[in-house]
Amino acid sequence: EKLYKVDANKIIALTSYENNTTDREQLKGQYADGNEYFYCRHTCTNTQSLISILKAFSLFKKRLKSSMKLIISVNNSTAEKGIRRSLNSYKYKEDVQLMNSEVDNEIKSGAYAMIYSSPFTGFETIPAHVPVLATDLDSLHSLFGNAALYFKQDDPIDTSVKMMSIYKDENLRDDLLAKGKGIDARTNISSVLWNKLVLDLKSPI
């Protein structure tokens, strides 16, 4: 950013799909007492979108009476403090966990679906073989294309509908998985070029 005088907000990370062969049942047992879980990876200080995810999860739980869990990972103290305050009075707080982002890649692999509530910041991996729910943002469309189910930003009703859709409709989930694998294959082919480009950008001109 300093070298090229580029506004950090205008930087979009080059990403690759993360392959992890750890058994999903094992990860469910490790992180969610054997239950299925949504994994929400939040990467900005704004907690409004996280509050919207919690409201959507409440609607999901109330409607479907499911044992589904929600695991949330944040990478900054501001968002973490805000979400912990909200969880104090949250009806389904026993079904929500805040996790350290250090185990991010492993948790992704065990998730029933990933939820992206905020744009990517920095360099991050995209989960392989895990269906994606994502906020309807241009930056996320550019990453996932048609391999994600999009929900309106900060709209808990629409978000809950998408959560319920991916939970109840196995054909939809399988379709998203298939499209995600297509992106995975294309990304693997070009990963060497991405890495070389990143190294070139870091090198002084």
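**Close-up views of a predicted model**

**View 1. Gly82 in helix H3.** Gly82 is found in helix H3, in a model that is predicted rather than determined by experiment. With a relative accessible area of 9%, Gly82 is buried, because buried here means a relative accessible area under 20%. Ile51 lies 31 residues away from Gly82 along the chain, and the C-alpha atoms of these two residues are separated by 9.1 Å.

**View 2. The whole protein, as a setting for the close-ups.** The protein holds seven helices and eight strands, and of its 205 residues 46% are buried. If one takes the contacts in the protein with a separation of 6 or more, 69% of them are accounted for by residues that stand 24 or more positions apart.

**View 3. Helix H1 and its buried face.** Helix H1 covers residues 24-32, and its buried residues are Leu27, Lys28, Tyr31 and Ala32. Seen down the axis of H1, these buried residues fall within an arc of 105 degrees, so they line one face of the helix. As a general point, an α-helix has 3.6 residues a turn, so residues three or four places apart point the same way. The buried residues of H1 pack against three strands and a helix, namely strand S2 (37-42), strand S3 (69-74), strand S4 (96-99) and helix H4 (104-110).

**View 4. The two ends of helix H1.** At the N-terminal end, H1 is capped by Asp23, which has a side-chain oxygen 3.1 Å from the backbone nitrogen of Glu25. Following H1 comes Asp33, a residue whose phi is positive, with a value near 55 degrees.

**View 5. Tyr39 and its contacts.** Tyr39 is found in strand S2, which is one of the elements that the buried residues of H1 pack against. The relative accessibility of Tyr39 is 0%, and therefore this residue counts as buried. Leaving aside residues up to four places away in sequence, Tyr39 touches Ile71, Ile72, Ser73, Asp104, Ile107, Lys108, Ala111, Ala113, Met114 and Ile115. For Ile107, one of these contacts, the C-alpha to C-alpha distance from Tyr39 is 7.4 Å, although the two residues are 68 residues apart in sequence.

**View 6. Asp95 and Lys69.** Asp95 is found in the loop between helix H3 (77-88) and strand S4, and at 15% relative accessibility Asp95 counts as buried. The side chains of Asp95 and Lys69 are joined by a polar contact of 2.6 Å. Lys69 also appears among the residues that Asp95 touches, which are Phe57, Lys61, Met68, Lys69 and Leu70 when residues up to four places away in sequence are not counted.

**View 7. The second largest cavity.** When the whole structure is searched, two cavities of 30 Å³ or more are found, and the second largest of them has a volume of about 40 Å³. The lining of this second largest cavity is made by Ser49, Ser52, Ile53, Ser117, Thr135, Phe151, Lys152, Gln153 and Asp154. Helix H2 (residues 48-64) gives the largest share of that lining, with three residues. Sorted by class, the lining of the second largest cavity consists of five polar, two nonpolar and two charged residues.

Notes. Residues are numbered from 1 along each chain as its sequence is written. This is a predicted model: local features need pLDDT of at least 70, side-chain atom pairs count only at pLDDT 80 or more; totals for chains, interfaces and linings use all residues. Side-chain values use heavy atoms; hydrogens and water are left out. On a 1 Å grid over the protein atoms alone, a cavity is a set of points where a 1.4 Å probe fits but cannot get out, and a pocket is an open set with protein on both sides within 12 Å along at least five of seven lines; lining residues have an atom within 4 Å of a point. Grid points are joined across faces, edges and corners, and a volume is the space filled by probe spheres set on the points. Helices (H or I, at least four residues) and strands (E, at least two) are DSSP runs, numbered from the N terminus. Ala, Val, Leu, Ile, Met, Phe, Trp, Tyr, Cys and Pro count as nonpolar, Asp, Glu, Lys and Arg as charged, and the others, Gly among them, as polar. Buried means under 20% relative accessible area, exposed over 50%, partly exposed in between (1.4 Å probe, protein chains only). The arc is that of the directions from the helix axis to the C-beta atoms. Contact means heavy atoms within 4.5 Å. A polar contact is a pair of N or O atoms within 3.5 Å; within protein, one must be able to donate a hydrogen and the other to accept it, and residues adjacent in sequence count only if both atoms are side-chain atoms.
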